[in-house]
Amino acid sequence: KRGMPYRIYGGLSFYQRKEIKDVISYFRLIINPNDEEAFKRIINYPARGIGDTTVGKIIAAATTHNVSLWTILCEPLTYGLTFTKGTTGKLQGFHELISGFMACAADKNAYEIGSDIIRRSGIINDVCQDNSPENLSRRENIEELVNGMSDFCARRQEEGNPDIFLADFLSEVSLLTDQDSDKNDDEKITLMTVHSAKGLEFKNVFVVGMEENLFPSAMIGESVRALEEERRLFYVAITRAEEHCFLSYAKTRFRFGKMEFGSPSRFLKDIDVRFLHLPNTNLSFRMGEDVHNDFSYKKREEGMMRPKQQVISPAVPRNLKRVMPASDSAGTTSQSGVSISGVMEGQLIEHERFGIGEVLKMEGEGDNAKATIRFKNAGDKQLLLRFARFKVIG
């Protein structure tokens with residue numbers, strides 16, 4: 001299940017990664033302009049020509065006058081600081097950038113303002129400046145953070161919780177980062193890249209993201225050599241398993257601010273089905289057919305042919321239909337709880353995160369319509385229907 005990202009990279013947690021710390025520092029400074037550690041971390045990231053000497057003068061003035069670094073930045077002349085015209089312009093630019101984010105933070109939810117910060121600050125341009133493995137990893141981590149913010153807002157809206165702003169997101173992140181100091185020696189799950197797994201073996205291995213444009217990567221272009229390197233990397237991944245290897249792919253994935261349909265990786269077709277234990281699905285490669293109607297696996301030497309991508313609005317998540325509240329004139333519930341928005345008491349539904357559940361009670365009208373649902377694996381939940389992400393199955 002997707003949620004707030006918390007992963008381990010060779011002993012380094014997700015929120016300890018440099019690129020994530022940089023983004024979080026922007027968030028912290030916007031919520032609390034007196035956060036000096038955040039200020040010092042991002043005043044010249046991405047590089048905007050504000051050197052250590054300038055930052056040192058700001059710190060010295062703040063110490064002398066017992067005020068915050070942000071206060072000095074806002075009124076340097078008041079505290080006896082003068083800079084060259086070029087440096088003054090750069091400091092003003094940073095001040096205006098952060099001030100603009102502060103003004104928007106009260107009106108936009110965490111996902112909206114977070115995406116805006118990552119884009120307008122220049123962070124995403126910095127990690128996209130080349131296709132090196134390091135920058136690819138940084139970009140994927142930032143994308144995962146944005147996905148976590150989207151899920152954070154969607155989950156709270158669905159539960160009728162109005163606390164979906166940047167400060168609320170930071171509060172939840174602080175709970176996750178507390179786990180960094182947990183020195184528990186119990187067995188744990190380790191997430192790592194395939195490259196870093198070379199030479200290691202594990203009892204159980206999960207290889208996720210087996211989709212076209214992920215594995216193999218979209219960046220291999222038409223290069224046959226790059227494609228074969230990806231195939232060798234896949235071989236490395238599956239041979240790390242001592243007993244069991246689980247391969248999975250997503251039919252839809254939230255990427256770069258939009259929902260995209262995915263196709264199973266061509267590498268899955270390379271595996272002899274005799275060595276696979278397949279669930280009861282309609283995976284076409286079981287029948288020896290092409291995985292995607294718009295994709296051919298023939299003539300590998302001719303290069304990589306990419307599937308056509310379909311994009312849907314992120315407002316309709318994955319494959320689960322959003323159930324909208326009915327108008328006041330029809331479909332609303334009575335006190336006996338007959339029907340709201342086509343949902344009735346006693347029905348079975350399938351929820352995106354909670355799984356299968358039975359509708360116990362319907363109440364409210366219009367935007368305030370709620371359903372109390374008993375889920376087999378998650379207990380009783382009360383969901384606000386206008387944000388609910390489920391489909392009726394019976």
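# Exercises on a predicted chain

The secondary structure of the chain comes to 11 helices and 14 strands, where helices (H or I, at least four residues) and strands (E, at least two) are DSSP runs numbered from the N terminus. This is a predicted model, in which local features need pLDDT of at least 70 and side-chain atom pairs count only at pLDDT 80 or more, while totals for chains, interfaces and linings use all residues. Residues are numbered from 1 along each chain as its sequence is written, and side-chain values use heavy atoms, with hydrogens and water left out.

## Exercise 1: the chain as a whole

Task: state what share of the chain is buried, and what share of its accessible surface belongs to carbon and sulfur atoms.

Solution. Begin with burial, which means under 20% relative accessible area, as against exposed at over 50% and partly exposed in between (1.4 Å probe, protein chains only). By this criterion, buried residues make up 42% of the 394 residues in the chain. Then take the accessible surface, computed by the Shrake-Rupley method with a 1.4 Å probe, with only the protein chains shown counting as cover for residues; the surface comes to about 21700 Å², and 50% of this belongs to carbon and sulfur atoms.

## Exercise 2: the two sides of helix H3

Task: decide how the buried and the exposed residues of H3 are arranged about the helix, and name the elements against which the buried residues pack.

Solution. First, check the length: helix H3 (residues 52–65) has 14 residues and reaches 20 Å from its first C-alpha to its last, close to the 20 Å expected at 1.5 Å a residue, the expected span being 1.5 Å times one less than the number of residues. Second, list the buried residues of H3, which are Thr54, Val55, Ile58, Ala61 and Ala62. Seen down the axis of H3, these residues fall within an arc of 125°, so they line one face of the helix, the arc being that of the directions from the helix axis to the C-beta atoms. The general rule behind such a pattern is that an α-helix has 3.6 residues a turn, so residues three or four places apart point the same way. Third, turn to the face away from the buried side, where the exposed residues Asp52, Thr53, Thr63 and Thr64 are carried. Finally, the buried residues of H3 pack against helix H4 (69–74) and helix H5 (85–105), contact meaning heavy atoms within 4.5 Å.

## Exercise 3: helix H1 and the cores

Task: establish which helix gives the most to the largest nonpolar core, and how far that helix is enclosed.

Solution. A nonpolar core is a set of buried Ala, Val, Leu, Ile, Met, Phe, Trp, Tyr and Cys residues joined through side-chain atoms within 4.5 Å. The largest has 51 residues, and those with the most contacts inside it are Phe27, Phe94, Ile98 and Phe169. Helix H1 (residues 18–31) gives the most to this core, with 7 residues. Apart from it lies another core, of 14 residues, among them Val194, Leu227, Leu233 and Val236. As for enclosure, 10 of the 14 residues of H1 are buried, so H1 is largely enclosed by the rest of the structure; the buried residues of H1 include Tyr26 and Phe27.

## Exercise 4: Cys153 in its helix

Task: describe the setting of Cys153, beginning with its helix and ending with its contacts.

Solution. Cys153 is found in helix H8, and 20 of the 26 residues of H8 are buried, so this helix is largely enclosed by the rest of the structure. At 4% relative accessibility, Cys153 itself counts as buried. Not counting residues up to four places away in sequence, Cys153 touches Asn109, Ala110, Tyr111 and Ile164.

## Exercise 5: backbone exceptions

Task: locate the cis peptide bonds at Pro46 and Pro216, and compare the settings of Asn66 and Asn213.

Solution. As a reference, most residues other than glycine have a negative phi, and most peptide bonds are trans. A cis peptide bond joins Tyr45 and Pro46, with omega about -10°, and Pro46 lies in the loop between helix H2 (36–42) and H3. Another cis bond joins Phe215 and Pro216, with omega about 15°, where Pro216 is found in the loop between strand S3 (202–207) and helix H11 (224–238). Asn66, not a glycine, has a positive phi of about 55°, and at 70% relative accessibility it counts as exposed. Asn213, also not a glycine, has a positive phi of about 75°, but at 14% relative accessibility Asn213 counts as buried.
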